Amino acid sequence: MGFSSTVGVIIILSTLLVCTIYLYSSLDLNLGKISKAYSDHIELENKKLREKLVIISVASSSDNINITIKNDGPIVHEPSKWTVLYNGVPINFSVHPNVKYVFPLNSVNISINATTPARLCIVSEYGNKYYCDIP
């Protein structure tokens, strides 16, 4: 074994060391991202389980439907993140009073321009669905 074989072994070992350091750092970074995503997922699932919206009343006129929804759960909601489906199709809605948050034990009115009979579905920000049929 001469000088060239020793240099070759050193080059191979140093290359292996650099690759190991690079792989370890990228693996550590990705495991941190996976752990954060998992904890965010668990937090959202807990909020979904604790959420409780109740449809109190539904009133309809010739071209307008008003729905009163009460927040009976411990979670604060943002009505701007809700989706209202009218016969399975997303529809624009307005919230009265015009509030950003619905705190526990408070209620809001949702108003949509639609005719009856209809089947309405309100999808909350955490994915729970609340149905009401309007004859």
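Strands, like helices, are taken here as DSSP runs and are numbered from the N terminus, a strand having at least two residues. With that in hand, T68 can be placed in strand β2, which covers residues 65–71. The model described here is a predicted one.

A look at the whole chain helps to set the scene. The chain contains one helix and eight strands, and along the sequence these follow the pattern α-β-β-β-β-β-β-β-β. The chain is more spread out than a compact globule, because its radius of gyration is 28 Å, well over the 14 Å that the globule rule gives for 135 residues. Along the principal axes, the C-alpha atoms fill a box of roughly 95 × 30 × 20 Å. Buried residues make up 24% of the 135 residues. The chain exposes about 9200 Å², and carbon and sulfur atoms supply 62% of that area. Among contacts between residues at least 6 apart in sequence, 58% join residues at least 24 apart.

Returning to β2, T68 counts as buried because its relative accessible area of 17% is under the 20% cut-off. Leaving aside residues up to four places away in sequence, T68 touches V54, I55, I56 and S57, and also S107, V108 and N109. The loop between β1 (53–60) and β2 holds S61. With a relative accessible area of 39%, S61 is partly exposed. The C-alpha atom of S61 lies 9.1 Å from that of A114, although 53 residues separate the two along the chain.

Strand β3 (residues 83–86) offers a clear view of two faces. In a regular strand, side chains alternate between the two faces of the sheet. In β3, V84 and Y86 point to one face and are buried, whereas T83 and L85 point to the other and are not. This strand has partners in β7 and β4. Four bridges join β3 to β7 (residues 118–123), and the two strands run antiparallel. Within that pairing, L85 has C121 as its bridge partner. Three bridges link β3 to β4 (residues 89–91), again in an antiparallel arrangement. Here Y86 stands opposite V89. Together β3 and β4 form a hairpin with two residues between them, and N87 in the turn has a positive phi of about 55 degrees.

Charged side chains add another layer to the picture, with a count of five salt bridges. One of them joins K36 to D40, whose closest N and O atoms are 3.1 Å apart. Both residues belong to helix α1 (residues 3–50) and sit four residues apart, about one turn of the helix. D40 is partly exposed, at 32% relative accessibility.

Another salt bridge brings together the side chains of K70 and D72, at 3.7 Å from N to O. Both residues count as partly exposed, because the relative accessible area is 28% for K70 and 32% for D72, values that fall between the cut-offs of 20% and 50%.

E78 and K81 also form a salt bridge, their closest N and O atoms being 3.3 Å apart. In this pair E78 is buried, with a relative accessible area of 17%, while K81 is partly exposed at 47%.

Technical notes. Residues are numbered from 1 along each chain as its sequence is written. This is a predicted model: local features need pLDDT of at least 70, side-chain atom pairs count only at pLDDT 80 or more; totals for chains, interfaces and linings use all residues. Side-chain values use heavy atoms; hydrogens and water are left out. Buried means under 20% relative accessible area, exposed over 50%, partly exposed in between (1.4 Å probe, protein chains only). Contact means heavy atoms within 4.5 Å. Two strands pair if DSSP finds at least two bridges between them. A salt bridge is a side-chain nitrogen of Lys or Arg within 4 Å of a carboxyl oxygen of Asp or Glu. The radius of gyration is taken over C-alpha atoms; the globule rule is 2.2 Å times the number of residues to the power 0.38. Accessible areas come from the Shrake-Rupley method with a 1.4 Å probe; for residues, only the protein chains shown count as cover.
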